[in-house]
Amino acid sequence: MGKKILLSSKEIHIILHRLACQLIENHTNFENTALIGIQPRGTYLAERLVSILENDYHIPNVKLGLLDITFYRDDFRRRETPLQANKTNINFIVENKKVVFIDDVLFSGRSIRAALTAIQSFGRPSEIELLVLIDRRFSRHLPIQPDYSGSQVDVFNEEKVSVHWEEKDGKDAVYIINN
Amino acid sequence: MSQLSVKHLLGIKHINKADIDLIFKTADHFKEVINRPIKKVPSLRDITIANLFFENSTRTRLSFELAEKRLSADVVNFSASQSSVKKGETLIDTANNILSMKVDIIVMRHPDVGACDFLSQHVNAQIVNAGDGTHEHPTQALLDSFSIREKLGSVEGKKIVIVGDVLHSRVALSNIYALKLQGAEVKVCGPKTLIPKYIESLGVSVEYNIKKALEWCDVANVLRVQNERMEINYFPSTREYSQLFGINKQLLDSLDKKIVIMHPGPINRGVELTSDVADSPNQSIILNQVENGVAIRMAVIYLLAQQV
């Protein structure tokens with residue numbers, strides 16, 4: 001099994017700040033915006049961005065929710081292993097808000113398809129955008145593209161892009177794993 | 001672990017502690033779902049469930065039906081009073097006829113002990129026992145434990161007394177299995193005639209004095225006197241029963257602690273519980289039990305459907 005580093009901790013730091021600035025460009029003071037981290041792996045990125053927005057750019061009260069999409073997936077009973085749910089924590093209504101979905105890797109687009117259905121349970125957003133750290137181009141099953149992307153990569157379908165976060169895995173890094 | 005160890009939910013006797021933990025963990029998520037503005041998830045879009053009720057039920061049938069609908073399953077309902085059972089059709093024939101219409105899961109309540117077990121051996125569908133005679137009622141026991149866990153933090157080490165008609169109660173038997181699996185201490189209390197002779201072999205103790213039982217416990221799960229299952233008189237009169245084993249406000253206030261009151265419903269008000277006890281907002285969790293019932297049934301069906 002080969003493991004190749006795609007982004008180092010320094011590169012991730014720069015990318016996170018760029019993504020935060022791009023969000024500010026479009027959402028200014030985030031008054032009517034809600035950031036939604038997609039469980040399980042998108043939540044680290046979402047929390048990191050919120051902390052950059054609050055601490056480095058002094059934007060208070062950024063609304064952050066965590067959305068679990070397990071019960072909305074289209075591969076229930078079609079996969080080998082059963083799915084385990086995670087916590088959904090959205091304590092506001094997204095009705096008429098600008099929602100930004102945040103996930104670590106965009107691959108087939110099926111998680112985002114599920115998230116688009118799931119978010120409707122919390123109201124009708126005025127618009128939905130997508131922010132991802134890694135955009136795996138040319139591997140989409142559905143017509144879904146990110147509005148903000150940290151880095152675009154072209155890798156073979158058998159290869160896995162694995163995002164590591166300091167708070168979970170001890171170190172920020174993105175790897176390409178070759179089975 | 002993210003899969004149940006069983007293919008059917010026939011009784012708590014057949015499952016283990018890990019199964020209970022998995023069901024509770026899944027139910028936590030579904031409890032959050034049913035408190036959303038839109039209380040429905042599309043997980044079971046391609047599953048069809050038949051609810052076969054050969055015995056009367058309001059709460060359980062509604063609770064199962066709501067759970068199934070909130071998972072987006074297709075649901076067909078069947079009650080014995082309006083069916084071919086009246087014309088002499090056997091249980092297996094009835095079930096197989098329903099299954100040929102491509103049903104994946106059967107939820108069944110039946111007046112006979114072991115009916116679900118029997119059906120699970122003869123038809124090709126997953127069976128959920130919604131109560132079989134005086135035997136087991138697993139989803140009720142699960143929601144009871146889930147409600148205790150919600151109210152007191154955990155079930156392990158808690159003292160639970162089951163009061164009343166233990167002899168005819170499937171709720172009592174399933175609860176004893178479930179509570180023992182989770183490490184709780186269990187006592188039963190009721191008239192001698194309504195306590196099964198060998199109940200101690202299940203690892204529970206017996207108390208015939210209601211006041212002593214309540215002083216001992218953290219939670220009292222009060223059962224209904226099942227007059228419809230009594231072919232003889234087990235106690236002289238309802239009035240005597242309620243005087244000796246009924247729980248009222250004075251009795252609760254005379255204890256030096258606040259215990260939790262549960263009841264699987266339907267309540268015979270004034271017999272096993274007086275209204276001020278049943279409706280007491282800080283001690284009774286009867287309506288929480290009903291709410292949790294939907295979440296628990298969603299979890300059970302969701303987890304079983306993974307194996308369809």
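User: Which residue does B:Glu65 form a salt bridge with, and what is the distance between the closest N and O atoms?
Analyst: In this predicted model, B:Glu65 pairs with B:Lys69, and the closest N and O atoms are 2.9 Å apart.

User: How are B:Glu65 and B:Lys69 separated in the helix?
Analyst: By about one helical turn, because they sit four residues apart in helix α2 of chain B.

User: Is B:Glu65 buried or exposed? And what about B:Lys69?
Analyst: B:Glu65 counts as buried, at 15% relative accessibility. B:Lys69 counts as partly exposed, at 39%.

User: Which residues are joined into one network by salt bridges that share partners?
Analyst: That would be A:Arg41, A:Asp104 and A:Asp169.

User: How many salt bridges are there over all chains?
Analyst: The count is 19 over all chains. One of them joins A:Asp74 to A:Arg110, with 2.8 Å between the closest N and O atoms.

User: What does that A:Asp74 and A:Arg110 pair tie together?
Analyst: A:Asp74 is in the loop between β3 and β4 (98-106) of chain A and A:Arg110 is in helix α3 (residues 110-118) of that chain, so the pair ties together parts 36 residues apart in sequence. A:Asp74 is partly exposed at 24% relative accessibility, and A:Arg110 is partly exposed at 35%.

User: OK, over to chain B. What does B:Glu55 form a salt bridge with?
Analyst: With B:Arg170, at 3.0 Å between the closest N and O atoms. This pair links distant parts of the chain, 115 residues apart: B:Glu55 is in the loop between β1 (48-53) and α2 (59-70), and B:Arg170 is in helix α6 (residues 170-181).

User: Are B:Glu55 and B:Arg170 buried or exposed?
Analyst: B:Glu55 is buried, and B:Arg170 is too.

User: Now B:Lys187. What's the nearest side chain of opposite charge?
Analyst: B:Glu207, but it is 4.8 Å away, and B:Lys187 has no salt bridge although it is buried. The cut-off for a salt bridge is 4 Å, so that distance falls outside it.

User: What does the side chain of B:Lys187 make a polar contact with?
Analyst: The side chain of B:Ser205, at 3.5 Å. B:Lys187 itself is in strand β6 (residues 185-189) of chain B.

User: Changing topic: how many cavities of 30 Å³ or more are there?
Analyst: Three. The largest has a volume of about 80 Å³, and the second largest about 50 Å³.

User: Which residues line the largest cavity?
Analyst: Residues from chains A and B do, including A:Phe71, A:Leu83, B:His29 and B:Tyr302. α1(B) gives the largest share of the lining, four residues. By class there are six nonpolar, four polar and one charged.

User: And the second largest cavity, what lines that?
Analyst: Among its lining residues are A:Asp68, A:Phe71, B:His29 and B:Arg36. The lining has three nonpolar, three polar and three charged residues.

User: Backbone next. Which peptide bonds are cis?
Analyst: The bond from A:Gln39 to A:Pro40 is cis, with omega near -5°. The one from B:Gly265 to B:Pro266 is also cis, with omega near -10°. A:Pro40 lies in the loop between β2 (33-38) and α2 (42-55) of chain A.

User: What is phi for A:Phe30, and for A:His58?
Analyst: A:Phe30 has a positive phi of about 60° without being a glycine. A:His58 has a positive phi too, near 55°.

User: Buried or exposed, A:Phe30 and A:His58?
Analyst: A:Phe30 counts as buried, at 1% relative accessibility, whereas A:His58 counts as exposed, at 63%.

How values were computed: Residues numbered from 1 in each chain as written. Chains lettered and ligands numbered in written order. Predicted model: local features only at pLDDT ≥ 70, side-chain atom pairs only at ≥ 80, totals over all residues. Heavy atoms only, no water. 1 Å grid on protein atoms, 1.4 Å probe; cavity = no way out; pocket = protein on both sides within 12 Å on 5 of 7 lines; lining within 4 Å. Points joined across faces, edges and corners; volume = space filled by probe spheres on them. Helix = DSSP H or I, 4+ residues; strand = E, 2+ residues; numbered from the N terminus. Nonpolar A, V, L, I, M, F, W, Y, C, P; charged D, E, K, R; others polar. Buried < 20%, exposed > 50% of the residue type's maximum accessible area, 1.4 Å probe, protein only. Lys, Arg positive; Asp, Glu negative; His and termini not counted. Polar contact = N/O pair within 3.5 Å; in protein donor to acceptor, adjacent residues only side chain to side chain.
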